[in-house]
Amino acid sequence: MQRLINGYQSVLDLLEKVCMGVAVILAGLLFLNTANGIVVDQVVGNSLVWIEEVNNLIFAWMIFIGAGVIARQGGHIGVQLVYDIVGPRLQAALRILYAVLALVIVWVMVFYGIKMANFVGRSQTSLYLDISLFYYYLSVPVGGALLGLFSIGAALPDTRTPAEAAHDSAQTLGVDL
Amino acid sequence: MIGIIFGSFVPMLLLGVPIAFVLVLMTIFVYVDMGDPRLFLQIPQRMFTSTENLLLLAVPFFIMAGEIMNRAGITDKLMNLAGAMVGWIRGGLAHTNIVASMFFAGITGSAVSDTVAVGGIMIPAMKENGYSEEYSAAVTASSSVIGPIIPPSIPMLVYASVMNVSIAGLFLGGLLPGVLVALALMATAYLIAVRQGFGERTPFVGFARLFLALIHGLPALALPALIMGGILGGFFSPTQASAVAVMYGLLMGFIFYRNLKLSDIVPILSHTVKATAMIMFLMACAKSFSWLVSYYNLVEHVTLVFVSLTENKYVFLLLVNILFLIIGMFLDMGFAIIVLGPLLAPIAYQYGVDPIHFGLITCVNLTIGLASPPFGLVLFAACGISNVSLARLSWAILPFIAAEIVVLLLITYVPFFTMYFPRLFGYA
């Protein structure tokens, strides 16, 4: 069982690196796209109409991927009043509770998120670039799935030695995040 | 239904369930109770539409700009300038800390960044010069709240997008309260320094050194002027101004200060993603919760509670301030703005309070909560960099929090301080 949990944590290390890598690239693209719009606007005097559509797509994916990833390190803030005063056993129980409640949200985000994406994707596209809104709305179920995986990771004990964990991390993308 | 909302809200919050999760879970519980599965489609739909607000695109860019300037090493330059300006007053390093925080406020808009950047240098320097550790940490933590008051300000961006209030008006309105908070903190720091014998008076460095420090610090100080000037002059929208702030930061970091390296880019973007995801996911979850607020007419219920307590505008504002101060001690300000803002602002408007004025009361009040014992976020950050226990810091910071509350009451009851600049530029 312990090996299974450690294996899961190692897989999450890899997934965390990949997802953060993607989110970082999206953040960079978000800036470059906006900067492009400003420069063209100031130089030519005409704004590029498609900038907002692309920004919206990038922004949504960056947020939902990021929201999934930060769940593993407790990135979503809560009132830590009770958590900080109870012992390690109760803390572990609370972490399991957080994960279970997160999975309820994940169910709605993934199951109904896919339904919603399919529904809007059937007939609606963006105004200028004709991108199917399916790709916009898909960010919600994907983010939800990541939230579930990383919330489970946060609840499970990580019994790997720091050296093992570092080794697993080093085996991944090699991006210094 | 109301029972489900409040019956699940408080226990989950106390158990430490992330606030964003609590908001969605309450919505899910109510939908389950209503028994119509089609309602669940609203949750992903509302979550997604929260990301379509273009104004909120400024959130990642202001976070990015602050992180760029931080890594470009502007903290030293701003502290040199602050030291040259006010270091000669009794308790000079405390004043330097406060003024540096005020300058830093124009760059980051985040109290925690300010605590770490300024406190990381100032707390050890103050200790070396005979100031007590808890006094140094208290000055750092209390002055860092100026960050979200002086523009640019992330909480104001969130407030403006949730409440549909002019962001330029809010930014302009934050200028005087930010300076007032700094002056109140300096007065408090001075009195404590005199009473406890901290920081002997040192001679003024002279105008030549002050001018030199000003030249070095000017490019960093120009950032808020660029943002406000660009917006007010009609050159950029607030979102574009935030991206211009990033461009300016890159220019300063790579070319002017030459402290920024290409290897800094990934950590800057990584920090931006994490901070933005936290704020925006909370917004997305609150968007799904907002359906409940309108469906159950929660605004009307809250209005009735307040009207039953008082019909006097000034008493209402006092009650709101007390409520926000208590909530700010325990809860994240994002939650308070997103959930309580739409409940309380309409009542304030009925009492004749200007939307910009009420927005600033809310933001300044909740910002003070960031440094209020026992759970203020910046208290934990200050403890982390100073090795002072939370209990000792909580005592030491009380006089500074009291000074900030005096300023809060001043801006609440004298609208001149918040409305002067917005009126001057035609935003109110």
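**Where chain A meets chain B**

Okay, let's start with the interface: chain A and chain B bury about 4,800 Å² between them, and carbon and sulfur atoms give 83% of that area. On the chain A side, the residues that lose the most area to chain B are A:Phe31, A:Ile77 and A:Val79, together 14% of what that side buries. Keep in mind that this is a predicted model.

So who takes part? The contact takes 53 residues from chain A and 52 residues from chain B. How many salt bridges does the rule find across this interface? It finds 0. Polar contacts do turn up, with 4 residue pairs across the interface, both residues at pLDDT 80 or more.

Now look at the helices of chain A. Those that give two or more residues to the side touching chain B include α1 (2-44), α2 (51-69) and α4 (88-123). Of the elements there, α4(A) gives the most, with 14 residues. By class, that side of chain A has 37 nonpolar, 12 polar and 4 charged residues.

Let me zoom in on one residue over in chain B. B:Thr51 sits in the loop between α3 (42-49) and α4 (58-71) of chain B. Is B:Thr51 buried or exposed? It counts as buried because its relative accessible area is 2%, and the cut-off is under 20%. The side chain of B:Thr51 reaches the backbone oxygen of B:Phe48 at 2.6 Å. And who else is around? Leaving aside neighbours within four places in sequence, B:Thr51 is in contact with A:Asn56, A:Phe59, A:Ala60, A:Ile63 and A:Phe64 from chain A, plus B:Met280 from chain B.

Definitions and conventions:
Residues are numbered from 1 along each chain as its sequence is written. Chains are lettered from A and ligands numbered from 1 in the order in which they are written. This is a predicted model: local features need pLDDT of at least 70, side-chain atom pairs count only at pLDDT 80 or more; totals for chains, interfaces and linings use all residues. Side-chain values use heavy atoms; hydrogens and water are left out. Contact means heavy atoms within 4.5 Å. Buried area is the accessible area (1.4 Å probe) that two parts lose on being put together, summed over both. A salt bridge is a side-chain nitrogen of Lys or Arg within 4 Å of a carboxyl oxygen of Asp or Glu. A polar contact is a pair of N or O atoms within 3.5 Å; within protein, one must be able to donate a hydrogen and the other to accept it, and residues adjacent in sequence count only if both atoms are side-chain atoms. Helices (H or I, at least four residues) and strands (E, at least two) are DSSP runs, numbered from the N terminus. Ala, Val, Leu, Ile, Met, Phe, Trp, Tyr, Cys and Pro count as nonpolar, Asp, Glu, Lys and Arg as charged, and the others, Gly among them, as polar. Buried means under 20% relative accessible area, exposed over 50%, partly exposed in between (1.4 Å probe, protein chains only).
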